[in-house]
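The following exercises concern the interfaces and one sheet of a protein assembly. Each task is followed by a worked solution that proceeds step by step.

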Amino acid sequence: MTDSAGRQPTYADVNRDVIRTLEPPSPAYFGWMAVVALILTAGILAWTWQIYAGMGAAGKRTPQMWAMYITTFVFWIGIGHAGTLISAILYLFRARWRTSIYRGAEAMTVFAVLTAGLFPLIHAGRMWFAYWLLPYPNQRYLWPNFRSPLVWDVFAISTYLTISVVFFCVGLLPDIAAIRDASTGWRKKIYGVLSLGWEGTDRQWRHYRRAYGLFAALATPLVLSVHSVVSWDFAMALVPGWHSTLFAPFFVDGAIFSGFAMVLVLIIPMRYFWNLYAYITDKHLDAMGKLILVTSLVLSYFYLCEAFTAWYSGDHFERASLFWKATKSYAWAFWLQYFCNSLVPLVLFWRRARTHTPTLYVVSILVLIGMWFERFNIIVPGLGHDFYPYTWGIYWPTLTDTMIVIGSFAWFFILFLGFIKVMPSVSIVEVKETLPHPVKEAHH
Amino acid sequence: MRTKVGVGVLGLTLLAAALFLVLSTRGQAAGPAQPIAFNHQVHADQYKIDCQYCHADARRSEYAGIPSVSRCMGCHKITAADRPEVQKLAGFFNKNEPIPWVRIFKVPEFVYFPHKAHVRANVKCQTCHGPIEKMAVVEARTGQNLANDLLNLVGLARSSTPLTMGWCVECHTTMNAKEKTKAPLECVTCHH
Amino acid sequence: MKIVGSSAGAVAAAGCGQAPERILPYVIPPDNLIPGVASWFSTVCRECPAGCGVIARNREGRVVKLEGNPDHPVNRGALCIRGQAALQGLYNPDRLRGPMRQDASGALKPVKWEEAEKLLVERLTGLVKQGKGKRIVVMSQLESGNLGRLIESWAQALGARRPIFYEPFNYEAIHHASRLVFGRDAIPHYALEEANVILSFGADFLESWLSPVEHARAFTRMHAFKHGKAGTFIHVEPRLSLTAANADEWVRNAPGTEELLALAILKVILNEGLQAPGVDVALLRNVAMPVDLEAAAGQSGVSVETIKHIARTFAKAKPGIAVGGGVAVTSTLAVETQRAIHLLNYAAGNVGRTVRFGPDSAFVKATPHAIVGLLTQLMAQGEIDVLLLIHANPLFALPPKWGFAEALKKVPLLVSFSNQPDETTEQAHLILPDLHSLESWGDFSPREGVVGLMQPTMAPVFDSRAVGDVLLSVGRQVLGSPAGKGPFRWETFAEYLKEQWRGIAREYAPSMPFDQFWEEALRRGGVWKDVATAPVQARSAPVFPIQGKPASVEGDPQGLTLLVYPSQRFYDGRGANKPWLQEAPDTMTQVTWDSWIEVPAEVAKKLGIRQGDLVKVTSPHGAIELPAYVSESLHPGAVAIPIGQGHTAYGRYAKDRGANPLTLLPGGAGLSFLSVKVTLTKTGGRRPLAIAQATHDQDDREIAQHVGLGAARELELRGAVPEKASHPSMYPDLKYPEYRWGMAVDLDACTGCQACVIACKAENNVPVVGKEQVAYGRDMHWLRLERWQEGKPEHPENLFLPMFCQHCEIAPCEPVCPVFAAYHTEEGLNAQIYNRCVGTRYCNNNCPYKVRRFNWWDYSSPASSSYAFPDPLPLQLNPDVTVRQLGVMEKCTMCVQRIVAGKDAARDEKRPVRDGEVQTACQQTCPTQAIAFGNLKDPSSRVAKLSRSPRGYHVLEELGTRPAVTYLKKVTREHGKA
Amino acid sequence: MAAGGVLGVFAHVDTTVRAIRDLRAQGFTDFTVYSPVPVEEIEAVLEENRPVSPVRLFTLIGGLTGIITGFGLTIWSALKWGLVTGGKPVVSIPPFVIIAFELGILLGGLSTLLAILVLGKLPALRRSPTYDPRFTVDRFGIAVTCGPERAPAAGRCLSQAGAEEVRQ
């Protein structure tokens, strides 16, 4: 990796450049914070109202017992995949280009899962009893129903969150130590505590590296399992268009797809504002672009399978459901999904598009929109035209659930904006690792 | 060295917490003040009046039934008519007012507890209500409490407190196992 | 009775219970009333003059449920939708709390009973003293029992005019016709069950006509497929009414051509010599011969072939029965039509067999509209000083053109005994609220040989007094007769009643001692005996002239004939103040909470009217605005509006809802519902209707199935199918140690009357949610009555299907619940534990039948704005059933509380539950016994037998959910398809 | 400096590695190497005479505990009440596998974290005296613990290897 001047940064440069990102923020930054905070407040108010008045405040109805909340829940869980994928799987594959982006991606993961985790609560009719889903000894002698996909969710997501957080924090340790040594006063104290007194001694490193490898090894199957489990919320159900063995891989691929899009949406501005061109180079963007392209193609394949099986099964309900989605009230959403997820990414076949930041940015945004609507189309139209004609109906969102969904984005960004100012959003240590070691005389 | 101290402190606090929880579930709550200081000891123990003489609905209804004021007066027109408490009773009767007794035994919300079925199965009143005939003032610690749940969590819980679901279920299961009774364990039997 | 008692169950159910909770004992316990144990009181339903027997379930001194009286000859244990809803009249939040009088400003103010009575007494005494008794009139609803008699003698004693027994639907045309044809001024008893063919000219006998519950039962007995036999039902009506939808052959005629068709059919019978032996052919000939078949066919739009086919089917039935009612017989040709129908029955030899004079219907006692018109004139001329109204609401039920409102202004003292704030009562100067019929003593005789006895089923909810008591005391004071003397010597109406019943005792049980007879009557709910059928002869002369042309209607000749028809849910409008009835969908349109104008598709197309568009309906006499309901089946020359909505008063649920079509009708002597043409204009506004059913097209999903009569016979021969014919499962079959509860619904018997829907609501504390929520698919009905339509719109096959939780053995809803709120009991019930539910709503997503209901808003807590039970409605709540909270899922439980009670009773006697011992609310009230419930493990139980029926099937069987509910295919008649 | 010893600060990897070798040659065994990044070369020398890090043992044990807990909890709690849902057997293994898997990963991960802390002697509240802030930037360090009598030898050895700076 080289900076604009074309010379390689030294270890010292890396420390300097990264720690520079933690300098006291600009007014613009606070401006953004204010905006996001405002939206978040609106969301919180909306949720408060919903808890007070009841689920009726959100536009749900028979047959759409689930709607935007679960849509957004699945969306955020999906986003939450790229991070661990990059840091774990790419780590195992020794893909060196990951080093300068994985920190941001991991942060994104953690925050995305934190956001997603809210939705089952928001969605529950009696969220104040949601703790009944946890297995704990109680005077009722009652335990959760481990046969229910929702309980699997509880386990999968909490595990995923815990592991991602641990992985994330462990990765941060040496960098925090670096900041500690670069800072003074109360900051030094705080970072001192957070670094757990990391010194980078040989014994620390050797266990650290071991552990890191093991984390990666654990996180890899986990990351694949989580979205499979989420997909089973649907696949285990009877609803036409849900009851499909295809769902696990389909969801996982979609998750990675949207995850990478989100990573781009986040790192492109980062490298622009902090002038990190030396570390996040076009090579990275190019690689990300390729990954998005590939996952998009796989996704398109799944879309085809979905339609084909619906038709080929000859099952009346499946066919009716698909036909209705594609032609009736929600057709616009249906085709928007295909446009964003299958067509748009095709431009990434051109190398120039993959390295042309604006294009890449627009593509990523569209992909995110497309992926949100993919989940929407599975849930809302899917339920809207199920087995029983008597109750067929159209779902209209209300101000309440709209505000809550928008608020969730604010919640995510407030976390992320906060993070990038207190923690190194590019890994100091791993970037250095990829640089050639300082040596006195050439090897012989 | 330092770590040792830390561990010690932590251990102590935990122990204290556990102790507090245990204590908080032991001991008896004082019975509330009733509009008339009715004494079960006198009626049920001293004079050996059968519970169902006054709580006559227990054998045929969901509710055990609080005796009507007139039923009390049935005896107390003459019996101990001079006692102040009995005069209170007469007062209610003459004013044609019901006596506002304070409820003591209460199953959790959304539960149907039929006394009838239990009387039919020869369950002693005391099994659920405790040694009423020994109580001058009726008192009971019933219902769920967090402490007990937490104790349960750390495995220190003695059997669940009376009139909680776990307590009912415990009894039903053990009776079915021991006495070969057919005490139902269906949720819908009590929740419908 | 005091409504206290240790009703902890009720308290818990209502979901409140703050500490320190007080428990109040009775001061003096009421005899034979144990808290927690229901007691039953038998009485008579007074929601319409059909006089069905009712038994009321009383818990802790409050009536919580009404059921039909199984012994009663009229309804045999069944109740209709309105009968079930009577409770909401009793506990109506807008019911008048006590007596009121109009003060100077014209506002109604509460007064003491004494004061109120004094007022009335003074005025009456004044008039009686001056011998101006004729200036006093009593206008009551039809009272065929001793209250009626008291009113009459009261009027007599005071020298007042003959009282008027006012019924908006009084079927006078029938007894006029009877008088003309048979010389007997009576409404005969129509024994539908004994006919092989029913030929109905617009008679909506499954909805409101004469005695709907009795007719529904009779209809099923003659019509439902049994042992390879099934009767035929041909219905002639311009509109596809619920009754028409039940017909094997619906003949859509041009409005007002019923007489013509009847005569044409008569002519065919005569031409082909199909008339019964020994009938006066000459008479029939000179009535029928003038009719020209071709012309008749042309004018009625019914082909000559069809006319001939009907004639043959009808005449060959031996016996058949022809009935006429509904809109058809209230045209300007009302009497002529009924006369023609009488002649048809006469010609086919049905008179005396299926059409019986004796027992005659009590409706004959209802005052003809002509007299009501006369009264109106008298009032207008200021001839009336005191008008006493007893449960009559002429201001709503009479067209404004009658000028009743204006005439009323001329009456110095209007006294209303109504206990509901209806239109007329709001005008009253003095209101002396009568007890609700469920709180009062009385009797009612719907027809000869049946006298239903009414007794108080609970203490009065509010400060009201029995109208009988008031009449007695007022009468005494007016006449100044001392207590125990004179025409009003009885202290209370109850005493009066008991004394009158000594006469009845002599008639019905001369040998029995009276007290025993009285006890018996109270227990059974009345007395009844068979009445010999009186022989009648058609009078040969004089036969009055035949019209032989369609009924004349005034208004724009280019306009559309207006069909104003009685509503099955609201009758003449008196049902509109009951939220249950407002929320129960009208079976045919599935519309709730509103009224609408049914517009033929052709017309709608021409005028560019879409469903829900507001339409201005203009007749020569008035104009109203209503949302349009576009109908494929209605006759292109007509529009239809149901009666019952459009109240300007009558409480929060009825007021300002929909519009009243009677305002479009002319005034004049008789009240004819078919008499004007109207013109439609789009207002441009929209008022979308709250329609519960998304579509009537099954989209080939075979939800409601049918089989041809021939095929059904074959199946019958082939015999029972083995159980578990449904799809295989990966898992071993479930074991059911003692019982497996299941249901069977015979679609061939279901007439779509909706009684079950309300019975379920009443039994299970199902909240009423309001128009907006229903429109948005959030209605809470545990049981919904679906209408599925097949075939051509003008010859539709309509299938009615009650849908509720199917209690699947392999239930998709159960395994997805994370907290075991939904699980399967050892008795095969699909249980839903409300207080365990966290509201993930996964179960309903996964329910293929979408029968689960979610508490979107807080219907259960009084603090909430969406509280569904304003006082005193909570008194009606069933203490054995939880009132569900905000955010929990609920659904049909197969009345598990009744199962628990049934098993408890059985355990008392150390025996298993007997078949038929436990009845679900829906099954209990079904007039046609289409629903069976019981233990599937007992092969001899009715439900088990039905479940093995060759017509049996499961809805969406291919999903392999193995429902515990079996439906029996409807049997359709091939010739029904023309 | 409690035990006493010598610290050498290096700018380059190769010099550091050389220093380590020389120290070993002169019989110094007890020394700590500081580095801003993990470096294969350095590890290679150090790992020559050391057993493999025991971290993986923690992970293994944690993982197994998780899996056992998973199956234990699900099966036991299912049997405790034995409610039937959807006609499925009370103990249905396939769904329980998911719980077991997730718990396996969870405990596995947590015990790995534990391993880092325990083995890496973390958290350490105070910096060790020989630590130098530059070690997190671009400097390598070798701290030799030895008695004052051998300190000069160690120092000499370090500077010969190419230490920029040697401290007592």
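**Exercise 1. Characterise the interface of chain C and chain A by area, contacts and composition.**

Solution. Step 1: begin with the area in this predicted model. About 4,500 Å² is buried between chain C and chain A, and carbon and sulfur atoms account for 59% of it. The size of an interface is often expressed in this way, as the accessible area lost when the parts come together.

Step 2: count the residues. Chain C brings 57 residues into contact with 56 residues of chain A.

Step 3: list the polar interactions. There are 33 residue pairs in polar contact between chain C and chain A, with both residues at pLDDT 80 or more. The rule finds one salt bridge across this interface. Lys850(C) and Asp386(A) meet in a salt bridge through their side chains, at 2.8 Å from N to O; with a cut-off of 4 Å, the pair therefore qualifies.

Step 4: assign the chain C side to elements. Strand E31 (784–790), strand E32 (797–803), helix H26 (842–846) and strand E35 (853–854) of chain C each give two or more residues to the side that touches chain A. H26(C) provides the largest share, four residues. By residue class, this side of chain C divides into 30 nonpolar, 13 polar and 14 charged residues.

**Exercise 2. Carry out the corresponding analysis for chain C and chain B, and identify the strand pairing across the interface.**

Solution. Step 1: establish the extent. Between chain C and chain B, about 3,600 Å² is buried, 58% of it from carbon and sulfur atoms. Of the area that chain C buries against chain B, 18% is supplied by Ile23(C), Pro25(C) and Val27(C), more than by any other three residues. The contact involves 48 residues of chain C and 34 residues of chain B.

Step 2: list the polar interactions. Five salt bridges are counted between chain C and chain B. One of them joins the side chains of Asp908(C) and Lys116(B), at 2.5 Å from N to O. In addition, 17 residue pairs are in polar contact, both residues being at pLDDT 80 or more.

Step 3: assign elements. Helix H1 (8–13), strand E1 (22–23) and helix H27 (896–908) of chain C give two or more residues to the side that touches chain B. The largest share, six residues, comes from H27(C). This side of chain C contains 25 nonpolar, eleven polar and twelve charged residues.

Step 4: examine the pairing. E1(C) pairs with strand E1 (residues 101–102) of chain B in the antiparallel sense, over two bridges. Ile23(C) is the bridge partner of Trp101(B).

Step 5: consider confidence. The model scores ipTM 0.91 and pTM 0.92, and chain C averages a pLDDT of 91, with 96% of its residues scoring at least 70. Over residues 1–19 of chain C, however, pLDDT stays under 50, and the model has 44 contacts beyond four places in sequence for this segment.

**Exercise 3. Determine the strand order and the edges of the seven-stranded sheet in chain C.**

Solution. Step 1: write the order. The sheet is open, with mixed pairing, and runs E6-E5-E17-E16-E15-E7-E8 in chain C.

Step 2: locate the edges. Strand E6 (108–110) and strand E8 (164–165) of chain C each pair on one side only.

Step 3: inspect one pairing at an edge. Strand E7 (residues 136–140) of chain C and E8(C) run parallel and are joined by two bridges. Within E8(C), Phe165(C) is the bridge partner of Ser140(C).

Key: Residues numbered from 1 in each chain as written. Chains lettered and ligands numbered in written order. Heavy atoms only, no water. Contact = heavy atoms within 4.5 Å. Buried area = accessible area lost by both parts, 1.4 Å probe. Polar contact = N/O pair within 3.5 Å; in protein donor to acceptor, adjacent residues only side chain to side chain. Nonpolar A, V, L, I, M, F, W, Y, C, P; charged D, E, K, R; others polar. Pairing = 2+ DSSP bridges. pLDDT = per-residue confidence, 0-100.
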